[in-house]
Protein chains: 2
Amino acid sequence: MATGNDNQTAARRHQRVRRQHSNELAQDYVEAIYDLIEAGQVARVTDLQEIFGVTHVSVVRALQRFEKRGLLDRSGDGLQLTDEGRKMAAASAVRHNLVVDFLRAIGVSETQAHADAEGLEHHISDETLAAMKRLLEAKLKIKN
Amino acid sequence: MATGNDNQTAARRHQRVRRQHSNELAQDYVEAIYDLIEAGQVARVTDLQEIFGVTHVSVVRALQRFEKRGLLDRSGDGLQLTDEGRKMAAASAVRHNLVVDFLRAIGVSETQAHADAEGLEHHISDETLAAMKRLLEAKLKIKN
DNA sequence: CAAATAATGTAGCACAGGCTACATAACCAA
DNA sequence: TTGGTTATGTAGCCTGTGCTACATTATTTG
């Protein structure tokens with residue numbers, strides 16, 4: 001076919017998805033920490049444990065990895081993001097919000113839009129994001 | 001906010017994403033095997049190794065797990081799907097194709113649509129899928 | 001036929017990301 | 001002050017999903 005469905009192309013696509021997976025948790029963590037700080041709270045292990053629905057042990061282990069990766073700083077009282085962590089969080093937030101808005105715009109319920117966005121946001125290319133943004137703006141224009 | 005952003009809700013969303021992840025590989029495998037068989041080929045370890053871009057060892061280990069889960073049968077010459085495996089493959093294929101068509105419809109390139117669909121298809125709820133289908137049909141109507 | 005190649009398998013390692021069980025430390029309350 | 005509760009940490013286990021290294025078997029080819 002003309003769809004680029006040879007094995008090599010498929011392999012590249014699957015490798016990309018695996019790369020995306022290995023970044024998902026980090027993005028979710030920095031985003032959660034970012035949101036907590038934005039809300040004027042001190043970001044703690046306990047908060048993350050509740051947000052992600054895992055034990056505090058899983059949170060601590062993840063935070064250790066992410067600290068090593070230079071995304072955050074656990075030396076002080078609450079969790080702090082590094083510049084890189086904040087950058088990643090901001091990018092994730094933009095992506096996340098755009099996906100939610102887009103899903104809402106095509107008629108998905110608030111609840112489901114938020115739920116789906118959680119999984120989808122990590123697998124959307126810049127090109128697709130741009131397409132969603134275009135459609136979102138076009139749709140808004142129609143509504144006015 | 002009214003978006004259901006309390007911790008418990010967030011936890012449920014993240015737990016759902018983790019469940020989706022634990023099924024992704026199985027879905028990708030049965031879909032690949034299904035496609036090979038549909039194309040009149042004998043599905044072999046080698047094919048999957050090329051399609052997924054991993055070593056044959058990773059394929060063999062994955063196949064062992066999926067055989068235990070009752071999704072496929074490795075007793076014969078080529079790989080065969082069980083009824084359950086075939087059912088999963090068919091469902092995945094429908095989802096996958098709809099996502100590709102939808103992305104194409106909103107202006108994403110063929111190449112990128114196929115690439116993104118690979119990651120997205122596992123995280124889309126029935127509700128969102130239905131919304132995409134509606135928009136797809138509406139768009140087609142406009143085009144005619 | 002003998003040697004190379006392809007296909008498949010096993011052994012054993014690494015890392016991510018879950019978990020329980022157990023140890024502290026700090027704080028709060030009777 | 002002593003005894004629970006909360007927050008955080010470590011030790012150590014499991015599973016999934018990658019990997020390399022090393023068989024084995026079948027097929028192909030000089």
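The residues of the surface near DNA strand D (near meaning that a heavy atom of the residue lies within 4 Å of the strand) divide into six nonpolar, five polar and six charged, where Ala, Val, Leu, Ile, Met, Phe, Trp, Tyr, Cys and Pro count as nonpolar, Asp, Glu, Lys and Arg as charged, and the others, Gly among them, as polar. The model is a predicted one, in which local features need pLDDT of at least 70 and side-chain atom pairs count only at pLDDT 80 or more, whereas totals for chains, interfaces and linings use all residues. Residues are numbered from 1 along each chain as its sequence is written, chains are lettered from A and ligands numbered from 1 in the order in which they are written, and side-chain values use heavy atoms, with hydrogens and water left out.

Around DNA strand D there are 17 residues, of which Thr46(A), Arg61(A), Gln64(A), Thr55(B) and Arg65(B) come nearest. Polar contacts (pairs of N or O atoms within 3.5 Å; within protein, one must be able to donate a hydrogen and the other to accept it, and residues adjacent in sequence count only if both atoms are side-chain atoms) reach both the bases and the phosphates of this strand: a polar side-chain atom of His56(A) lies 2.9 Å from a base nitrogen, while a polar side-chain atom of Gln64(A) lies 2.8 Å from a phosphate oxygen. From chain B, a backbone N or O atom of Thr55(B) is placed 2.9 Å from a phosphate oxygen of DNA strand D. In terms of secondary structure (DSSP runs numbered from the N terminus, with helices being H or I of at least four residues and strands E of at least two), α3(A) gives the largest share of this surface, five residues.

For DNA strand C, the nearest of the 17 surrounding residues are Arg65(A), Thr46(B), His56(B), Arg61(B) and Gln64(B). Of the atoms of DNA strand C within 4 Å of the protein, 57% belong to sugar or phosphate and the rest to bases. Phosphate oxygens of DNA strand C lie 2.3 Å from a polar side-chain atom of Arg65(A) and 2.6 Å from a side-chain N or O atom of Thr46(B), whereas the side chain of His56(B) has an N or O atom 2.9 Å from a base oxygen. The elements giving two or more residues to this surface are α3 (56-68) of chain A together with α2 (45-52) and α3 (56-68) of chain B, and the largest share, five residues, comes from α3(B).
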